[in-house]
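The exercises below are meant to be worked through with the sequence and the coordinates open side by side. Each task is followed by a solution that proceeds step by step.

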Amino acid sequence: MLKYSLKRLGKSIITLFIVISIVFLFMRLMPEEGYFGQGYEKLDLIQRQTILTNLGLNDPWYVQLGHFYKDLLKGDLGTSITYRPKVAVSEIIKSKIFYSLNFGLGALAIALVAGISSGILMARNKNKFWDKLGNGYIVIINAVPAAVYYIFLQLYVTDIFKLPILFDKGNPLSFILPVLSMSLGPTASYAMWMRRYMVDELNKDYIKLARAKGLSNRVIMTKHVLRNAFVPMAQYLPASILYTLVGSIYIESLYSIPGTGGLLVDTIQRQDNPIVQALVLIYASVGIISLFLGDMLMAGFDPRINLEKQGGTR
Amino acid sequence: MSNTKLDKIVDKIDPSLFDFASYDASGAERTGYSDYSYWQSTFHVFLKNKVAVALLILITALVAYTVLQPYLPNQKSPTTIYNNVKTGIQLRNQAPDKEFLFGTNSIGQDLWSRIWSGTRTSLQIGMLVGVWQAIIGITIGCLWGYVRKLDGIITEIYNVLDNIPNTIIMVLLAYILRPSIFTLVVAMCITNWLSMARFVRNQIIIIRDREYNLASRCLGTPISRIITKNLLPYLVSVIMLQLALAIPMAIGSEVFLTYIGLGLPLNTPSLGNLINEGRIIMMVPSLRYQLIFPAVVLSVITISFYVIGNTFADASDPRNHV
């Protein structure tokens, strides 16, 4: 296991390196106006060049890239250029991640409980009323773009229950709707996959054997079906937890929550390279780490899965 | 008790059933013949799902209407700003009436024709993205899954591309090219084919070493023929599903791109544009129709394609044919 983990770690670091370098070069392709914001027209050529040189943007790209990696090794993500000038990137991100993490984890907890239990309910009542109702919900949530139902929820639910429309730190009532809206999507996908894996499992031969030898329905469900159906779900669990760091662009801008959701788009448009690079570093690591943890978790749940051996006749 | 019952059953059996049958040529032919046809069974299973059929009729009518709408009489232009004939003032935010079926927007354009024009744009984007995504995704997915030498390389490329946030690519493209339908399609295709390719690759890995493929390889069939004749027909149902889902997904990304300010310019109506325009003025209850009408049309389209795609994928899976 250790050898496998080390090999995978090495590969992940190379992937991260390439991703970051590509993004770094992409950001340098952007037009230079972005670095000046509103004042671009007023500055003359020499002033512009001085500013760019001071920012280190006139060096050849490989020198810039080298500086970036040297700072990164020291644990320094740099300082913001245009978003909040002269403020350390780590500080900006730290203050924002707090909100995204709390809202995301709250929504995930709701989605896990609601999604998995409704998935079980649907699988046990296959083709009956609850199943059809749940499927209708899943279709609507999956098909309609999230922005549309988020907007309508904000418009009408705040009216009906007299909830505050915008986020307010001191008012816990204003947390309810953002968390609930964020949980709708994951709930649908957890319910869908739970139902599908359980139905697959219920159709297998060993379940027929278990029934034939007289096991009660409850034992079959809890000991066999649920455990086996949960293995493929476990793979995505770390991803759902870690991706809460990324935040939700829609929810955070609709309710004006100061989270990380819109930060990437904002900083790309303002060409705040250090923040963009830091965010890409975080997002790519989140993706890679959650995939690794997911595989580990799946192997832990299911002793048949062996990550080291190349399976079958492949 | 049980003995008497058994006796009676035995009495009722027709002794002629135990005679030897005579050979009947046409009868023998009948058992060997099957009138199973793949596509016929697929449509048969599809037609059994009443909801999907109803949605199919609805979406066909809707698409036909969006295509024909500009040629129908008494339709207004989606981009003309209408003025009051007497006063010359723009007809801003006019509530729905006989003249403007869905009312007018905040600068006096006809919402009815804007919605249909927007639907045309969005469907066009969706279909182009779907087709390109399928072409790129299937080609790369087949090579990735079937050609073992390429597996390692493409997996690494996938890992890199998958970890570059889409927004960076989209914003860059928006800078390099002017936002237009073509740019949006390119931007969506650059990233969307990844999931399709991975999906096709996983399917191919599952079926590529089945006995019939092994036999085919032993007989010296070239790779291109194995892929197109042995493997791809297996994937018809999943490819259909992905194609049908590409349309709601493309519409969703278009809404997202418009939301973050990278959408089409306002003089090209699209569903994303219209919803964004509606969102800006949604806090005024009397103007909410400008949000509700496009949202309803968009939901009908995305839900229909989603349901039809899923039903068709189920129907084209031979395991569901009876």
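Helices, as the word is used in these exercises, are DSSP runs of H or I with at least four residues, numbered from the N terminus. The model is predicted.

**Exercise 1. Place K162(A) and S256(A) in chain A, and decide whether each is buried or exposed.**

Solution. Begin with the position along the chain: K162(A) sits in the loop between α6 (146-161) and α7 of chain A. Next, take the backbone angle, since phi of K162(A) is near 55 degrees, a positive value in a residue other than glycine. Then count the surroundings: a residue is exposed if 12 or fewer other C-beta atoms lie within 10 Å of its own, and K162(A), with 8 other C-beta atoms within 10 Å, is therefore exposed.

The steps for S256(A) follow the same order. S256(A) belongs to the loop between α11 (249-254) and α12 (263-269) of chain A, and its phi, near 45 degrees, is a positive value in a residue that is not glycine. Because S256(A) has 12 C-beta neighbours inside 10 Å, it counts as exposed.

**Exercise 2. Describe the surroundings of R208(B): in which loop does it lie, and is it buried or exposed?**

Solution. The loop in question is the one between α8 (181-207) and α9 (211-218) of chain B. The cut-off for a buried residue is 20 or more other C-beta atoms within 10 Å; R208(B) has 21 C-beta neighbours inside 10 Å, so it counts as buried. Once its neighbours within four places in sequence are set aside, R208(B) is in contact with G145(B), Y146(B), N213(B) and L231(B). A further distance to check is the one to I226(B), which lies 18 residues away along the chain and whose C-alpha atom is 9.1 Å from that of R208(B).

**Exercise 3. Compare the radius of gyration of each chain with the value for a compact globule.**

Solution. Start with the elements of chain A, which has 13 helices and zero strands. For a compact globule of 314 residues the radius of gyration would be near 20 Å, whereas chain A has 24 Å. Along the principal axes, the C-alpha atoms of chain A fill a box of roughly 85 × 60 × 30 Å, and 30% of the 314 residues of chain A count as buried.

Turn now to chain B, in which there are likewise 13 helices and zero strands. The radius of gyration of chain B is 29 Å, well over the 20 Å that the globule rule gives for 322 residues, so chain B is more spread out than a compact globule. The box filled by its C-alpha atoms is roughly 100 × 60 × 40 Å along the principal axes, and buried residues make up 35% of chain B.

**Exercise 4. Test the length of helix α5 of chain A, and find which elements its buried residues pack against.**

Solution. The helix covers residues 129-143, and at 1.5 Å a residue its 15 residues should span 21 Å; the end C-alpha atoms are 21 Å apart, which agrees. Its buried residues are G134(A), I138(A), N142(A) and A143(A). These cover an arc of only 145 degrees around the axis, which puts them on the same side of α5(A). The elements they pack against are α4 (89-124) and α7 (173-202) of chain A, together with α11 (236-259) and α13 (289-315) of chain B.

**Exercise 5. Characterise the side of chain B that touches chain A, and follow the nonpolar core to I275(B).**

Solution. First, establish the extent: 29 residues of chain B are in contact with 30 residues of chain A. The elements of chain B that give two or more residues to this side are α6 (148-162), α7 (166-176), α11, α12 (271-280) and α13, and α13(B) gives the most, with seven residues. By class, the side of chain B that touches chain A has 20 nonpolar, six polar and three charged residues.

As background, nonpolar side chains tend to be buried together in soluble globular proteins. In this model the largest nonpolar core has 119 residues, of which A147(A) and I275(B) touch the most other members. Finally, list the contacts of I275(B): leaving aside its neighbours within four places in sequence, they include A147(A) and V148(A) from chain A, and V255(B), L291(B), P294(B), A295(B) and L298(B) from chain B.

Notes. Residues numbered from 1 in each chain as written. Chains lettered and ligands numbered in written order. Predicted model: local features only at pLDDT ≥ 70, side-chain atom pairs only at ≥ 80, totals over all residues. Rg over C-alpha atoms; globule rule 2.2 N^0.38 Å. Expected span 1.5 Å × (residues − 1). Arc of directions from axis to C-beta. Contact = placed C-beta atoms within 7 Å. Nonpolar A, V, L, I, M, F, W, Y, C, P; charged D, E, K, R; others polar. Core = buried A, V, L, I, M, F, W, Y, C linked by C-beta atoms within 7 Å.
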